[in-house]
Amino acid sequence: MCAGCPHRGLFYTLSKHKITCLGDIGCYTLGSAAPLFALDSTLCMGASVSGLHGFNKAGGKDSEKGLHGFNKAGGKDSENKTVCVIGDSTFMHSGVTGLINIAYNASNSTVIILDNSITGMTGHQALAVDLEALCRSIGIERVRVVDPYNLKECEDVILEELAVDAPSVIISRRPCMLLKYVKAKPPVKVNEDKCVGCRRCMKLGCPAISMKNKKAHIDFTQCVGCDVCTQLCNLNAIEKGER
């Protein structure tokens with residue numbers, strides 16, 4: 001995924017908490033690659049939503065009754081440790097029907113719509129659709145919106161919705177960095193006096209971050225200043241750039 005990709009922060013959160021994630025078709029399928037390993041399955045366009053519904057119905061609250069041992073987090077309550085992700089355009093194409101099924105059957109499923117305002121894999125076509133209103137209109141009462149650049153917000157909302165015994169939708173909203181109207185911020189930089197080479201920032205899989213002389217290194221030609229990596233560094237060694 002590109003530097004500044006809005007999907008990265010959300011995928012990091014799913015990976016961090018070992019949440020089983022059913023993926024879908026789109027540029028975000030790259031979240032299955034190292035080091036994130038965020039997606040556990042990808043079948044066909046729209047299958048993540050209907051697959052999640054079937055997975056949770058088969059596994060249920062007690063994974064010993066169905067899909068015991070499949071969830072990365074282990075233990076029981078498979079439906080409280082499993083989500084699906086689907087892009088906004090893919091959702092409109094063939095994901096909304098699966099969500100209607102979830103609403104009708106009231107399955108305890110958490111669907112995450114990755115709204116980056118484009119169809120990234122085929123050329124940035126976009127059509128403004130009120131996703132929140134659409135989800136509520138088909139019977140989903142719990143609809144949350146998060147900024148994937150805010151790791152704490154992503155973490156809090158995902159864990160809250162997984163803990164609730166009800167269908168829910170989380171909309172991860174941030175436009176693709178490749179859109180012409182999206183402007184990059186100044187690149188972040190590494191304070192080498194503070195950096196201890198722990199490689200925690202490398203867990204994001206950002207192409208702008210590498211290791212050089214056992215220290216984190218930011219490629220300023222790729223960094224778009226999303227500041228996600230600054231939220232990971234416990235030593236505050238990654239500093240925001242200046243205009």
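Contact here means heavy atoms within 4.5 Å. Keep that in mind for the exercises below, and remember that the model is predicted.

**Exercise 1.** Work out which residues of helix H5 are buried, and what those buried residues pack against.

*Solution.* Start with the helix itself: H5 runs over residues 151–163, which makes 13 residues. From first C-alpha to last it reaches 18 Å, close to the 18 Å expected at 1.5 Å a residue. Just at its start, a side-chain oxygen of Asn150 comes to within 3.3 Å of the backbone nitrogen of Lys152.

Next, pick out the buried positions, taking under 20% relative accessible area as the cut-off. You get Leu151, Cys154, Glu155, Val157, Ile158, Glu161 and Leu162. The spacing is worth a thought: an α-helix has 3.6 residues a turn, so residues three or four places apart point the same way.

Finally, look for their partners. On the helix side there are H1 (7–16) and H6 (228–232). The strands are S2 (82–87), S3 (110–115), S4 (142–146) and S5 (168–173).

**Exercise 2.** Trace the sheet, then place helices H2 and H5 on it.

*Solution.* First the strand order: the sheet is open, has 5 strands and reads S1-S2-S3-S5-S4, with parallel pairing. At the edges sit S1 (20–22) and S4, each pairing on one side only. Neighbouring strands are turned by 25° against each other on average, direction ignored.

Now zoom in on S2 and S3, which pair in the parallel sense over 5 bridges. Gly87 has Leu114 of S3 as its bridge partner.

Then add the helices. H2 (residues 47–59) packs on the sheet and touches S1, S2 and S3, its direction making about 170° with that of S2. H5 touches S2, S3, S4 and S5, and its direction makes about 165° with that of S4.

How values were computed
Residues numbered from 1 in each chain as written. Predicted model: local features only at pLDDT ≥ 70, side-chain atom pairs only at ≥ 80, totals over all residues. Heavy atoms only, no water. Helix = DSSP H or I, 4+ residues; strand = E, 2+ residues; numbered from the N terminus. Expected span 1.5 Å × (residues − 1). Buried < 20%, exposed > 50% of the residue type's maximum accessible area, 1.4 Å probe, protein only. Polar contact = N/O pair within 3.5 Å; in protein donor to acceptor, adjacent residues only side chain to side chain. Pairing = 2+ DSSP bridges. Axes fitted to C-alpha atoms, helices over the stretch in contact; angles between N-to-C directions.
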